[in-house]
Every structure is written in C-alpha cells, then in structure tokens.
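Here are a few exercises to work through at your own pace. Keep the structure open beside you, try each task, and then follow the solution step by step.

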Amino acid sequence: MTDAPPLTGAGTGLGAERVSRTAGGALVLDGVTLAPRPGTLTALLGPNGSGKSTLLRLLAGVLVPDTGVVTLDGAPLGSVPRRALARRVAVVEQHADTQVDLTVADAVRLGRIPHRRAWSPATTADEEAVRSALARTGLTERAHRTWRTLSGGERQRVQIARALAQEPRELLLDEPTNHLDIQHQLDLLTLVSSLRLTCVMALHDLNLAAMHCDHLVVLREGRVVATGPVRDVLTEDLVADVYGVRASVTHPGPEGRPHIRYLGPTGGRCSGV
C-alpha cells in the first residue's frame, strides 16, 4: 500500500478511515473508508470473501484495524467506554446461538443490558422497549416460545428485535435476510429502511439492496471499487466486473430504482435467469 495522509478522525456518527486488516497472513481489507450519513441505510455489497463481514466487525469494535481508524463522533472507537458503545451501536450477526434455552422475550430483553445497572430490575421503559421491539418484528405472539423451538428465520427476527430493544443510533447487520423467506425478507428490510437510524448492512441480494438502501459500497478483494447512490452504482458494467455476471439493469417505477435481471456468466452462454 502507498503512504496515506494523516488521519483526521473527523465526522459525526460511526465511520472508518482507511482501515486495513489481515487474517492468517492475507490482506482482508485494504485502505477502506466508510462514512455513512446519519439516518441512512448503507449496503455493503461484494462477492464472498470481499471483506464485508470483517468491515462490520471493525465498525462494531469486535476487531481492531491493523492500520487506519474507526471513529464514533470523531473519537477513536478504542477510546469509547464499552458501555457507552453498547448503548450507541447494535449488531445483528449472521448466526446466533445460546446454551441457555431462553424465551423470545428474555432474548430480546438482553438488548436492555447496556441501559441498566448491574443486578437492577427492569424498569417500565425497559419493558416498553421490549414490547415495541417484539411488535415491530412480528414476534409478539411468540414471546413465550423458547429459543430451541424457533426456526432459523424466527431466530433471525429475534436478533433484530433484541437490537431494536437496545434503542441504538447505529445498527450494523450482517446478512440479516439469511434464512428468511421472501415475505419476511421484504418485511425486515422495509422495517430497517424505515428506522431513523444509521444502518450499515452486508447483503448479497443486489435487488434487495436496490429496493431498500440509500447508499452502496461495493467491495472486491478487500478494496472499495464503487460507492455512491444506488442508481449510480448498480450498473451492468459493475455487475459484470465485480460478479462476473452479465445482467440487464432497468429502472422501472416512479423512483427509478434499478432492477437487475441476471443473464449468465460473462463470456458464457446466456442462461436467462
């Protein structure tokens, strides 16, 4: 990598400035900068192994960059007290499990831990936040079900509800539509896009990103290859270059959001998918 100018650490909200990270001797992220606008939904796109999950873990403070800096309101993330960070930033992982067979409601109550003192009982505000999170994710009727009786999609919705109960200002989601059927994918992304939060979400489905997101960041081999508004980023050339797939990109509807029809591998026979 070439030398970069000094880090500024400026900005409001959560962001990354020229962050790099290696794992097992391989460069996973290489000089990535991300500055999501407050209150918007940013999608991280790219093939498997492009660095999306690693970038989310850096933003969450789970990993530390080898170079560069992650900041929260201009302060290096490492200087932010863990409790304060937990009140601000919620994370939804791809997979979650527990050795304790919690009920749905108790799993969602875990989102209130950063707001409570140790051993203190739940407050009225805590229980209202839990009820609201259950309702918004369609889990009210499942509140007394136990974790082991839930499907993969239901467990994913519990994770979302737990994050909402946390009442964060920043929300990080790693492939949140995994294990969800089409209806629940659309319901979930409609919910996330309606939140007045700064959301950064890793996705594989380009059409879901086009439908629901404000801003896109496309990664390939750990580097940002495109960033900007949805309409500007999702082009036929980009899909071919980054994913190796021929595609037809149209802009139907009043908002003119892109719709992608996949035609087949570049250089290969048209599949008409």
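## Exercise 1: Cysteines and disulfides

This predicted model holds 0 disulfides. Work out why cysteine 199 is in no such bond.

*Solution.*
- Step 1. Recall the chemistry: a disulfide covalently joins the sulfur atoms of two cysteines.
- Step 2. Take the cut-off: the two sulfur atoms must lie within 2.5 Å.
- Step 3. Find the closest partner. For cysteine 199 that is the sulfur of cysteine 213, at 9.2 Å, so the distance is too far for a bond.
- Step 4. Check from the other side. Cysteine 213 has the sulfur of cysteine 199 as its nearest cysteine sulfur, and cysteine 213 is in no disulfide.
- Step 5. Are these residues buried or exposed? Buried means under 20% relative accessible area. Cysteine 199 has 1% and is therefore buried; cysteine 213, also at 1%, counts as buried too.

## Exercise 2: Reading the sheet

Trace the open sheet of 6 strands and find which strands form its edges.

*Solution.*
- Step 1. Write down the order, β6-β7-β8-β3-β9-β10, and note that the pairing is mixed.
- Step 2. Look for strands that pair on one side only: these are the edge strands, β6 and β10 (223-229).
- Step 3. Follow the twist, which averages 15° from one strand to the next.
- Step 4. Zoom in on β9 (residues 215-220), which runs antiparallel to β10 and pairs with it over 6 bridges. Leucine 219, for instance, has valine 224 in β10 as its bridge partner.

## Exercise 3: A cavity and a pocket

Describe the largest cavity and the largest pocket by volume and lining.

*Solution.*
- Step 1. Start with the cavity. The structure has 1 cavity of 30 Å³ or more, and the largest has a volume of about 70 Å³.
- Step 2. Assign its lining to elements. At least two residues each come from α1 (52-60), β6 and β7 (170-174), with α1 giving the largest share, 4 residues. Val91 and Asp174 are among the lining residues.
- Step 3. Sort that lining by class: 7 nonpolar, 1 polar and 3 charged.
- Step 4. Turn to the largest pocket, with about 260 Å³ of space. Its lining has 14 residues, and Ala86, Val89, Val91, Arg162 and Gln166 lie nearest the centre. Two or more lining residues come from each of α2 (82-88), β6 (89-92) and α5 (152-165).
- Step 5. Sort the pocket lining as well: 8 nonpolar, 3 polar and 3 charged residues.

Terms used. Residues are numbered from 1 along each chain as its sequence is written. This is a predicted model: local features need pLDDT of at least 70, side-chain atom pairs count only at pLDDT 80 or more; totals for chains, interfaces and linings use all residues. Side-chain values use heavy atoms; hydrogens and water are left out. On a 1 Å grid over the protein atoms alone, a cavity is a set of points where a 1.4 Å probe fits but cannot get out, and a pocket is an open set with protein on both sides within 12 Å along at least five of seven lines; lining residues have an atom within 4 Å of a point. Grid points are joined across faces, edges and corners, and a volume is the space filled by probe spheres set on the points. Ala, Val, Leu, Ile, Met, Phe, Trp, Tyr, Cys and Pro count as nonpolar, Asp, Glu, Lys and Arg as charged, and the others, Gly among them, as polar. Buried means under 20% relative accessible area, exposed over 50%, partly exposed in between (1.4 Å probe, protein chains only). Two strands pair if DSSP finds at least two bridges between them. Axes are lines fitted to C-alpha atoms, for helices over the stretch in contact, and angles run from 0 to 180 degrees between N-to-C directions.
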